[in-house]
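Me: I'm new to reading protein structures and would like to know where the labels come from. Could you go through this one with me?

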Amino acid sequence: LKENSGITEQFSKLFNDKWVNAERLNDNVNLAGYKSMQPALSPDGSILYFSSNRPGGYGKMDIWYVNVDEEGKPTGKPINMGPMFNTAEDEVTPFFHYYTSTLYFSSNGLAGYGGLDVFKSTFNSDSLWSSPKNMGGPVNSSKDDAYFVMERSQQHGFVTSDRKDCSDCVGGTCYKIYAIDKE
């Protein structure tokens with residue numbers, strides 16, 4: 001959604017099996033004149049991870065997080081995930097796997113196969129994040145790989161990629177969804 005020449009995040013709640021009209025998130029996330037996108041809410045609803053090019057980052061798009069109250073509204077200032085995660089390039093599409101305390105995201109600034117690659121970092125009981133690790137092939141390719149998600153048991157997931165040419169798309173490449181199944 002475009003607003004004030006930036007991208008804004010909105011939220012909606014499911015109430016009596018119907019979605020309530022979406023509301024724009026406050027300035028804690030949607031800072032005027034900057035992009036805030038690709039939200040990922042923790043399953044317990046307490047933390048919102050997102051990508052933004054807001055001031056205070058390390059590069060183009062960075063991964064940020066902010067606490068969320070019981071009403072679903074961000075509280076306090078967003079916190080940048082820091083230089084271990086963010087580079088001078090783009091870090092995007094965060095997804096927090098609650099059951100393993102693992103943050104998945106894509107980067108074209110960390111060492112990888114080319115384009116955007118999917119990385120993971122685990123939060124441990126000492127309140128520390130592990131160094132981001134490249135997910136390797138076949139998740140990553142020499143093209144852009146992003147929007148990685150994994151279900152609870154970590155046996156099935158999805159990733160989007162432009163790894164194959166597509167005659168139907170402008171420029172010959174477009175994102176397609178690929179299923180991931182562990183043996």
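Reply: Sure! Accessible areas come from the Shrake-Rupley method with a 1.4 Å probe. This is a predicted model, and the accessible surface of its protein chain comes to about 10400 Å². Carbon and sulfur atoms hold 52% of that surface.

Me: How much of the chain is buried, and what makes a residue count as buried?

Reply: A residue is called buried if its relative accessible area is under 20%. Of the 183 residues in the protein chain, 38% are buried.

Me: What makes Ala40 and Tyr49 part of a nonpolar core?

Reply: A core takes buried residues of kinds such as Ala, Tyr and Phe, joined through side-chain atoms within 4.5 Å. Ala40 and Tyr49 belong to the largest nonpolar core, which has nine residues, including Ile63, Phe105 and Phe119, so both count as buried and joined in that way. Apart from this core lies another one of eight residues, among them Phe95 and Val118.

Me: How do you know that strands S7 and S8 pair?

Reply: Pairing needs at least two bridges found by DSSP. S7 (residues 36-41) and S8 (residues 47-52) are joined by four and run antiparallel, so they pair. Ala40 has Tyr49 in S8 as its bridge partner. The two strands form a hairpin with five residues between them, and Gly45 in the turn has a positive phi of about 75°.

Me: Which residues does Phe105 touch, and what makes that a contact?

Reply: Contact means heavy atoms within 4.5 Å. Leaving out residues up to four places away in sequence, Phe105 touches Ile63, Phe85 and Pro132, among others, so each of these has heavy atoms within 4.5 Å of Phe105.

Methods: Residues numbered from 1 in each chain as written. Predicted model: local features only at pLDDT ≥ 70, side-chain atom pairs only at ≥ 80, totals over all residues. Heavy atoms only, no water. Buried < 20%, exposed > 50% of the residue type's maximum accessible area, 1.4 Å probe, protein only.
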